Every structure is written in structure tokens, then in C-alpha cells.
Amino acid sequence: MFKLVKIVALALCATSAFGFAPSVAPRTTTRIGLFGGGAGDKAEGGGGGGLGGMMDQMKKAQEMQKKVAEMQAKASEERITGESSDGLVKVIFTGGSEVQETIIDDAKIAEGAAAVSTSVTEAVKDGQTKCATYMMKAAQEFYGGMGMPGMGA
């Protein structure tokens, strides 16, 4: 029995010496910072330094949504008037480019349908241009107030 144990032990030693023994790969671990940062250190980068950074970004997004809603409400209350070149036709818009009213002077109606049509088109184009300018200024103020470069007025 002693010889058998000796032979098995020698066989095991020989197989492991020649690489026949089952090998076990060394275990390594890799840390992945899913939400940015690592080990709580914001200096490592990654866009926010963990869940706290993500929560800050969510708060900023909610603040931005609130400001956008306020800006839209203000635009809907704003009134912008587009006029024809002779001033006899006026089209009143909201700041969001929604037509609210059209005013045609009796003198323009007396000129006929073609003249009225031309003047209404002029007034609408003028109003749309003024609305676009208004919205551009509002957007510049909005983004400039948020510290976004190149967007301030």
C-alpha cells in the first residue's frame, strides 16, 4: 500500500511539472464606474462622481423644465403685432407665433379683395419675423442665464 501511495504521489508531481495538471486561472476583478467617478473620488472624472452626481443632473433637468414652462407661459401672454406696409392691416400674434386677431381697416376693404389679400400676407410675414426675433431673444436669455457659452445675449 505504501508503494501505491508513493507511485500516485510521484505521478501527480510529474503531471504538474509537465503542465498536465488542471490549471486555475488567476482571478482578477475589474471595477466599473457605471455612474462616473470611482471610489467616491470626483477627481477621477466620469461625469458626475457616482449617484450623487446623477441626482444633481436630474435636479438641474427638472429646474430647466420648470424654466422652459415659465418661458412658454410668458410667450403665450406676449402680444406681437405684424403690420402691412401701409398700416391698414394688423395681425396680432402670441409670442409663440399663434394668430390671435386680424384687424382690417375699412379703407383697405374698399380697395378690393386683391389689395386686402396682399396686405394680410404682408402683415402675417411681418408678424412671423417679429415672433421669430422675440423667440430668439427669449432663448438667448434662457440659455445665457444657465451659463451656456455662446448663448447669452
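**Secondary structure, core and pocket of the predicted model**

The protein contains four helices and three strands. The structure described here is a predicted model. Read from the N terminus, its elements follow the order α-α-β-β-β-α-α. The protein has 153 residues, and 16% of them count as buried. Among contacts with a separation of 6 or more, 35% are made by residues 24 or more positions apart.

The three strands are considered next. Strand S1 covers residues 79-83, strand S2 residues 89-94, and strand S3 residues 99-104. S1 and S2 run antiparallel and are joined by five bridges. In this pairing, Glu-83 stands opposite Lys-90 in S2. The hairpin of S1 and S2 has five residues between the strands, and Gly-87 in this hairpin takes a positive phi near 80 degrees. S2 also pairs with S3, again in the antiparallel sense and over five bridges. Here Phe-93 stands opposite Val-99 in S3. The hairpin of S2 and S3 has four residues between the strands, with Ser-97 adopting a positive phi near 70 degrees. S2 thus has pairing partners in both S1 and S3. Five of the six residues of S2 are buried, so this strand is largely enclosed by the rest of the structure.

The largest nonpolar core consists of eight residues: Ala-75, Ile-80, Val-89, Val-91, Phe-93, Ala-123, Cys-131 and Tyr-134. Strand S2 and helix H4 (113-145) each supply at least two residues of this core. In soluble globular proteins, nonpolar side chains tend to be buried together. Phe-93, one of the core residues, has contacts with several parts of the chain. Apart from neighbours within four places in sequence, Phe-93 is in contact with Glu-78, Arg-79 and Ile-80, with Glu-98, Val-99 and Gln-100, and with Ala-123, Val-124, Gly-127, Gln-128 and Cys-131. Among these contacts of Phe-93 are Ile-80, Ala-123 and Cys-131, which are also listed in the core.

Two serine residues were examined individually. Ser-84 is placed in the loop between S1 and S2. Its relative accessible area is 5%, under the 20% limit, so Ser-84 counts as buried. The side chain of Ser-84 forms a polar contact of 2.6 Å with the side chain of Asp-86. When neighbours within four places in sequence are left aside, Ser-84 is in contact with Val-89, Ser-119, Glu-122 and Ala-123. Of these partners, Val-89 and Ala-123 include members of the largest nonpolar core. The second serine, Ser-119, lies in helix H4. Ser-119 is buried because its relative accessible area is 4%, below the limit of 20%. Not counting residues up to four places away in sequence, Ser-119 touches Ser-84, Asp-86, Val-89 and Lys-108. Asp-86 is therefore a polar contact partner of the Ser-84 side chain as well as a residue touched by Ser-119.

The largest pocket has a volume of about 190 Å³. Its lining is made up of Lys-67, Glu-70, Met-71, Lys-74, Tyr-134, Lys-137, Ala-138, Glu-141 and Phe-142. Helix H2 (51-77) and H4 each supply at least two lining residues. H4 gives the most to the lining, with five residues. Tyr-134 belongs to this lining and is also listed in the largest nonpolar core.

Phe-142, another lining residue, is placed in helix H4. With a relative accessible area of 11%, under 20%, Phe-142 is classed as buried. Leaving aside neighbours within four places in sequence, Phe-142 is in contact with Met-64, Lys-67, Val-68 and Met-71. Lys-67 and Met-71, which are among these contacts, also line the largest pocket. Phe-142 and Met-64 are 78 residues apart along the chain, and their C-alpha atoms are separated by 9.3 Å.

Conventions
Residues are numbered from 1 along each chain as its sequence is written. Side-chain values use heavy atoms; hydrogens and water are left out. A nonpolar core is a set of buried Ala, Val, Leu, Ile, Met, Phe, Trp, Tyr and Cys residues joined through side-chain atoms within 4.5 Å. Buried means under 20% relative accessible area, exposed over 50%, partly exposed in between (1.4 Å probe, protein chains only). Contact means heavy atoms within 4.5 Å. Two strands pair if DSSP finds at least two bridges between them. A polar contact is a pair of N or O atoms within 3.5 Å; within protein, one must be able to donate a hydrogen and the other to accept it, and residues adjacent in sequence count only if both atoms are side-chain atoms. On a 1 Å grid over the protein atoms alone, a cavity is a set of points where a 1.4 Å probe fits but cannot get out, and a pocket is an open set with protein on both sides within 12 Å along at least five of seven lines; lining residues have an atom within 4 Å of a point. Grid points are joined across faces, edges and corners, and a volume is the space filled by probe spheres set on the points.
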